Amino acid sequence: MKRILVPIITLFMLFLSILGLARVAPDKVSCKEVYKYVVVSHQMESIGQTFWADFRQGVEEEASTSGCSTVEYRTTSYDAIKHAAVVNSTCARTDVEALLVSVPFSKGTLGYSTVDQAIRTCLNDRPRVVIVNTDTYQN
């Protein structure tokens with residue numbers, strides 16, 4: 001039970017940190033393991049830099065502050081095939097505790113169904129997938 005609870009709490013704190021709702025004091029954390037999280041976002045190089053810079057900073061600060069996690073950040077712009085491929089390859093890795101994934105595509109589009117299939121496949125193998133910065137995705 002403890003093996004499952006610690007990564008879930010760490011992931012929850014990471015998510016709250018992204019929202020700016022929580023911070024974990026480094027002297028209050030004791031970690032027996034360090035968990036790896038991967039963020040797969042549709043960040044583009046020229047658009048939305050301020051938002052994604054703040055998002056990334058929040059994720060990386062929480063990982064650094066808690067000392068219990070590391071974060072790998074992967075960007076794919078609005079390329080649904082690349083986005084799905086990164087979700088699939090990350091999900092297959094055994095060193096990743098959870099994925100934080102954005103889904104920028106509208107329901108009913110090829111991009112939506114491509115990324116949705118990758119997420120659903122991942123959920124069959126790994127239950128820790130958090131959807132972030134997405135208004136239209138429901139699974």
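This report walks through a predicted model, starting with a central strand and moving on to a helix and the side-chain contacts.

## Strand S3 and its neighbours

A good place to begin is strand S3, which covers residues 98-102. The strand is mostly covered, with five of its five residues buried. Its side chains point in two directions: Ala98, Leu100 and Ser102 go one way, while Leu99 and Val101 go the other. Residues on both of these sides are buried.

Which strands pair with S3? Strand S1, made of residues 35-41, is joined to S3 by four bridges, and the two run parallel. Strand S4, residues 129-132, is also joined to S3 by four bridges, and again the pair runs parallel. You can follow these links through Val101 of S3. Val101 is the bridge partner of Val40, and in S4 the bridge partner of Val101 is Ile131.

## Helix H2 and its two sides

Next comes helix H2, which has 18 residues, numbered 49-66. From its first C-alpha to its last, H2 reaches 25 Å, close to the 26 Å expected at 1.5 Å a residue.

Which residues of H2 are buried? They are Trp52, Phe55, Gly58, Val59, Glu62, Ala63 and Ser66. These residues cover an arc of only 125° around the axis, so they sit on the same side of H2. The spacing of such a set can be understood from the helix itself: an α-helix has 3.6 residues a turn, so residues three or four places apart point the same way. On the other side of H2, Thr50 and Ser64 are exposed. Just after the helix, Gly67 takes a positive phi of about 75°.

## Salt bridges

A search of the whole structure finds eight salt bridges. Three of them are set out here, with the distance between the N and O atoms.

| Salt bridge | N to O distance |
|---|---|
| Lys36 and Asp95 | 3.8 Å |
| Arg128 and Glu97 | 2.9 Å |
| Arg120 and Asp116 | 2.9 Å |

Take Lys36 and Asp95, whose closest N and O atoms are 3.8 Å apart. Lys36 lies in strand S1 and Asp95 in the loop between helix H3 (80-92) and S3, so the pair ties together parts that are 59 residues apart in sequence. Lys36 is partly exposed at 23% relative accessibility, and Asp95 is also partly exposed, at 41%.

Arg128 and Glu97 also meet in a salt bridge. This pair links distant parts of the chain, with Arg128 in the loop between helix H4 (110-125) and S4, and Glu97 in the loop between H3 and S3, 31 residues apart. Are these two residues buried or exposed? Arg128 is buried, with a relative accessible area of 18%, and Glu97 is buried too, with 11%.

Arg120 and Asp116 give a more local example: both lie in helix H4, four residues apart, about one turn of the helix. Arg120 is partly exposed at 37% relative accessibility, whereas Asp116 is buried at 12%. Elsewhere, salt bridges that share partners join Lys36, Glu72, Arg74, Arg93 and Asp95 into one network.

## An aromatic pair

How many aromatic pairs does the structure hold? There is one. The rings of Tyr78 and Phe105 have their centres 6.4 Å apart and their planes at 90°, so the pair is edge-to-face. Tyr78 sits in the loop between strand S2 (69-75) and H3, and Phe105 in the loop between S3 and H4, 27 residues apart. Tyr78 is partly exposed, with a relative accessible area of 46%, while Phe105 counts as buried at 11%.

## The disulfide

Last comes the disulfide, and the structure holds one. Cys91 and Cys122 form this bond, with their sulfur atoms 2.3 Å apart. Cys91 lies in helix H3 and Cys122 in helix H4, so the pair ties together parts that are 31 residues apart in sequence. The torsion about the S-S bond is about 100°, so the disulfide is right-handed. Both cysteines, Cys91 and Cys122, are buried.

Terms used:
Residues are numbered from 1 along each chain as its sequence is written. This is a predicted model: local features need pLDDT of at least 70, side-chain atom pairs count only at pLDDT 80 or more; totals for chains, interfaces and linings use all residues. Side-chain values use heavy atoms; hydrogens and water are left out. Buried means under 20% relative accessible area, exposed over 50%, partly exposed in between (1.4 Å probe, protein chains only). Two strands pair if DSSP finds at least two bridges between them. A salt bridge is a side-chain nitrogen of Lys or Arg within 4 Å of a carboxyl oxygen of Asp or Glu. The expected span of a helix is 1.5 Å times one less than its number of residues. The arc is that of the directions from the helix axis to the C-beta atoms. Rings of Phe, Tyr and Trp (its six-membered ring) pair if their centres lie within 6.5 Å; planes under 30 degrees apart count as stacked, over 60 as edge-to-face and the rest as tilted. A disulfide is a pair of cysteine sulfur atoms within 2.5 Å.
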